[in-house]
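Me: I would like the labels for this model explained, each with its criterion. Please start once the model is shown.

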Amino acid sequence: MQRGTLAHLGVSEEDERCYRALLRLSEATADELAAELGTGPQQTAAALEHLSSRDLAEPTADGRTRPAPPAKAVQRLIEQQVQELRQELERVVVEEDLVESLLNERATARPAPELCAPERPAIERIEGLDRIRAHIDELTFFTRSEGLTTQPHGTLTAESIAASRPLDTRILRRGVRMRTIMGAAAAGDPPTLAYLSELVAAGAEIRISDRPLERLLVFDRAAALTPIDPGNSVQGALLVREPGLVANLVSLFERMWNDATDIRDLLGFTADPGAQLTDVERKILATMYQVDKDESGAREVGLSVRTYRKYIADLMHRLGAANRFQAALLARDRGWI
C-alpha cells in the first residue's frame, strides 16, 4: 500500500482523488469538480455522495460542496474504522463463544500444585509481582460496575502513569465507576495531579486523604486484593473472594473515602485542565482542528502568525502532543474543544 494515502483508513482511490480535488478547489459544484478530475458527471456525483456519507464533504447553502478540514476528516475516518473493527471483533467473540471457551479450559484444567481443589479458594496467597499483575489484569477485565482503589503513597511515577493510562481509560469508557483514594503526597506532586485530573475529566471519582491508608483493590464488591504485609509489599498479596471478608474491606474503603477530600476542592485545584484555558487558547485549539494553514488560523483568531505559533507550541507542550494533529485529537478527546 502506498504511503501517504487514505487507503490506510478504508478510502477508495477514486474517493480520495475526489476529496483531494475538493481540497485544491476549496469548494466546487459537481461540474467544476468533474472538470478538475476529468471524469463524467454521474461518476463525480456518486463520489461526492459517498464522501458526504462519510462526513468528508458537506453541501453549502448555494449548492456547492466543500471538503471537511483534513484533521477533522482523518479523525472521522479513524473513528469509523475503530467502530467497524470493534463491531466485527465483538461479533466474532459472541459467535465463537471465545470467553466461554477459555473459561471451560480453566475449569477443566488440573489444579495448580499450590491449590488443594479445582475451585479457587476463598482466600488465595499470591506471590511475585508478575503473578499479582496478572491477577489484577484478569479481575479488571471482568469488572463490570465498580472498581475501588487506594494509593497510600500518593505519588505516581512516570512509568506507572504510562502503564495505567490505557487501562484506566478503557475501564472508564466501559462505564465502570472508578473511585480512588490517594495519599496526601499527591496534592504536592504536579505530574500525579495532572494525571489524576485526566481521570476526573474522564469520569473517575478521586479523593485525597491526609490520614493513613490501607492498600486495597476491590472489584465489583466480589473480590479484593490486599497486601500480605502492609509494611512490606514484596511479601505478596491476598486475593479474597469470601463475601463476608470482601464486605468488611468495602466498609473499610467507605470509611477512608468519607474521611478524604475531593481532589477538586483542594488548593483551588480544578479537575479539568481544560477549564484553565483562556478564550484565545480555546479558539486556537478549535482552529487547529478545523483549518490547515497557520495564516488562516491566525487570521480567524485575530493574532499575528508568530504569536499564533507560540500559542500552538505551548498548547502542544501542555497536551504532551508530538505534533499538531495529535494535539487537536487530544484536546478533542479531553473535552477541551
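Reply: First a definition: buried means under 20% relative accessible area, exposed means over 50%, and partly exposed is in between, with a 1.4 Å probe and protein chains only. This is a predicted model, in which local features need pLDDT of at least 70 and side-chain atom pairs count only at pLDDT 80 or more, while totals for chains, interfaces and linings use all residues. Residues are numbered from 1 along each chain as its sequence is written, and side-chain values use heavy atoms, with hydrogens and water left out.

Me: What makes Trp257 buried or exposed?

Reply: Trp257 has a relative accessible area of 6%. The limit for buried is under 20%, so Trp257 is buried. Phe253, with 0%, is buried as well.

Me: Why is the aromatic pair of Phe253 and Trp257 called stacked?

Reply: Rings of Phe, Tyr and Trp (its six-membered ring) pair if their centres lie within 6.5 Å; planes under 30 degrees apart count as stacked, over 60 as edge-to-face, and the rest as tilted. For Phe253 and Trp257 the values are 5.9 Å centre to centre and 20° between the planes, so the pair meets the criteria for stacked.

Me: Where do Phe253 and Trp257 sit along the chain?

Reply: Both belong to helix α9, residues 243–259; a helix here is a DSSP run of H or I with at least four residues, a strand is a run of E with at least two, and both are numbered from the N terminus. Phe253 and Trp257 are four residues apart, so about one helical turn separates them.

Me: How do you know that Arg179 lies over the face of Trp257?

Reply: A charge sits over a ring if NZ of Lys or CZ of Arg is within 6 Å of the ring centre and within 35 degrees of the ring normal. Arg179 is at 5.0 Å from the ring centre of Trp257 and lies over its face.

Me: What makes the pair of Phe141 and Phe142 edge-to-face?

Reply: The structure holds two aromatic pairs. In the pair of Phe141 and Phe142 the ring centres are 5.0 Å apart and the planes are at 85°, so this pair is edge-to-face. Phe141, at 48% relative accessible area, is partly exposed, and so is Phe142 at 37%.

Me: What is noted about the phi of Asp55 and of Asp220?

Reply: Neither is a glycine, yet phi is positive, about 60° for Asp55 and about 55° for Asp220. Asp55 lies in the loop between α3 (41–53) and β1 (57–59), and Asp220 in the loop between β7 (217–219) and β8 (223–227). Asp55, at 40% relative accessible area, is partly exposed; Asp220, at 25%, counts as partly exposed too.
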